[in-house]
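Ready to work through a structure by hand? Take a look at the picture below, then try the exercises.

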Amino acid sequence: MLTAIAVTSADLVLPAPDRHTPAAAVLHPPDRLDLEGSLAETAALLERYGHLVVVLPPWLPAATTRRLHTVRAILETDRIALLDIDLPPLATALLVRQLRQLSVCDFSPGVIASAARLLSHYIYAGALLGSVAKLDRVPVGLGAHARSWSPSAQFAVLANPAPHLLKLGGGGGSGRGGGGAHAGGAGLPPGPEFATHLTFARGQLASDWVTAELAPAWQVQGVMENPLPADSPGWWATGKLVEFAAAIPDPAVLYQLVASVRREECRWCGAELIGDRCGFCSAPLTAPPPPQAAADATAPYRARS
């Protein structure tokens with residue numbers, strides 16, 4: 001059973017690491033294709049592949065998201081998964097590539113769709129920023145806001161898997177050495193505890209900090225540069241940045257990671273899933289308690305208050 005991975009922007013499709021990884025389908029936005037064309041486009045993908053997994057970043061225009069939900073509703077199909085993935089743009093592109101790698105494995109479409117949430121926890125995504133004055137994706141203290149007005153200020157920010165922000169010394173490097181691959185040193189955000197490749201993309205910030213300091217400290221197995229996604233300056237609230245993301249590159253490791261998780265059957269649509277939520281219909285694995293049961297459970301506390 002085949003599964004197509006789809007995105008809404010061509011810059012979320014990174015080069016394939018090998019000849020086995022398929023390309024992603026790029027869906028046309030509403031301003032380039034009318035509803036009839038979108039229906040035909042999606043129906044053709046379903047006819048060819050059987051199932052469609054679409055990654056929907058939160059920065060998409062509302063019209064694009066509405067169009068995709070409308071297409072799925074009109075086609076009356078349960079073979080389209082619309083995944084809400086809240087990662088920075090470059091990390092989203094890496095996740096899409098991992099899903100593309102898994103799409104040729106012997107996983108069912110439901111497992112591939114629900115694997116996106118699992119894999120996102122293993123992507124270390126951040127950026128070197130020239131300013132955090134307008135950044136609202138991670139907590140920024142008043143001191144960091146104030147230091148953003150310095151022309152030479154640079155900040156290392158980690159957005160995923162946990163927020164982390166620190167101001168770098170000097171003109172772009174921490175100047176304080178490492179701290180190891182698995183922890184944030186004096187001038188480094190905490191890194192992954194497993195083998196990764198580092199992908200980075202340059203904006204309007206001239207710095208080699210990512211390749212000269214971060215990559216060696218995180219002990220990544222490879223470094224690759226890609227063009228900056230068009231939505232990155234908006235996500236990071238500045239064009240003065242170098243975006244980076246470290247992720248598992250080996251499809252065999254990805255396969256083992258996903259295969260090690262217990263599989264369940266969605267109680268709503270019947271799709272196979274891993275984790276606590278279906279990737280196709282978004283139903284939780286376990287049903288919430290009925291209203292009367294929930295009321296009965298809280299009755300003793302209400303009686304004592």
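Here are three exercises, each with a worked solution. This is a predicted model, where local features need pLDDT of at least 70, side-chain atom pairs count only at pLDDT 80 or more, and totals for chains, interfaces and linings use all residues. Residues are numbered from 1 along each chain as its sequence is written, and side-chain values use heavy atoms, with hydrogens and water left out.

**Exercise 1.** Work out how helix α4 and helix α8 pack.

Solution. Start with the axes (lines fitted to C-alpha atoms over the stretch in contact, with angles from 0 to 180 degrees between N-to-C directions). For α4 (residues 109-120) and α8 (residues 251-259), the axes lie 10 Å apart at an angle of about 100°. That makes α4 roughly perpendicular to α8, a label for angles of 65 to 115 degrees.

Next, look for contacts, meaning heavy atoms within 4.5 Å. From α4, V111, A115, L118 and L119 meet L254, L257 and V258 of α8. Sorted by class, that contact has seven nonpolar, no polar and no charged residues; Ala, Val and Leu are among those counted as nonpolar.

**Exercise 2.** Decide how covered α4 is.

Solution. Buried means under 20% relative accessible area, with a 1.4 Å probe and protein chains only. By that test, eleven of the twelve residues in α4 are buried, including P109, G110 and S120.

**Exercise 3.** Place Q98 and find its partners.

Solution. Q98 sits in helix α3 (residues 89-102). Q98 is buried, at 4% relative accessible area. Its side chain reaches the backbone oxygen of I248 at 3.0 Å. Leaving aside neighbours within four places in sequence, Q98 contacts L119, I123, A247, I248 and L254.

Technical notes. Helices (H or I, at least four residues) and strands (E, at least two) are DSSP runs, numbered from the N terminus. Angles under 35 degrees count as roughly parallel, over 145 as roughly antiparallel, 65 to 115 as roughly perpendicular and the rest as oblique. Buried means under 20% relative accessible area, exposed over 50%, partly exposed in between (1.4 Å probe, protein chains only). A polar contact is a pair of N or O atoms within 3.5 Å; within protein, one must be able to donate a hydrogen and the other to accept it, and residues adjacent in sequence count only if both atoms are side-chain atoms.
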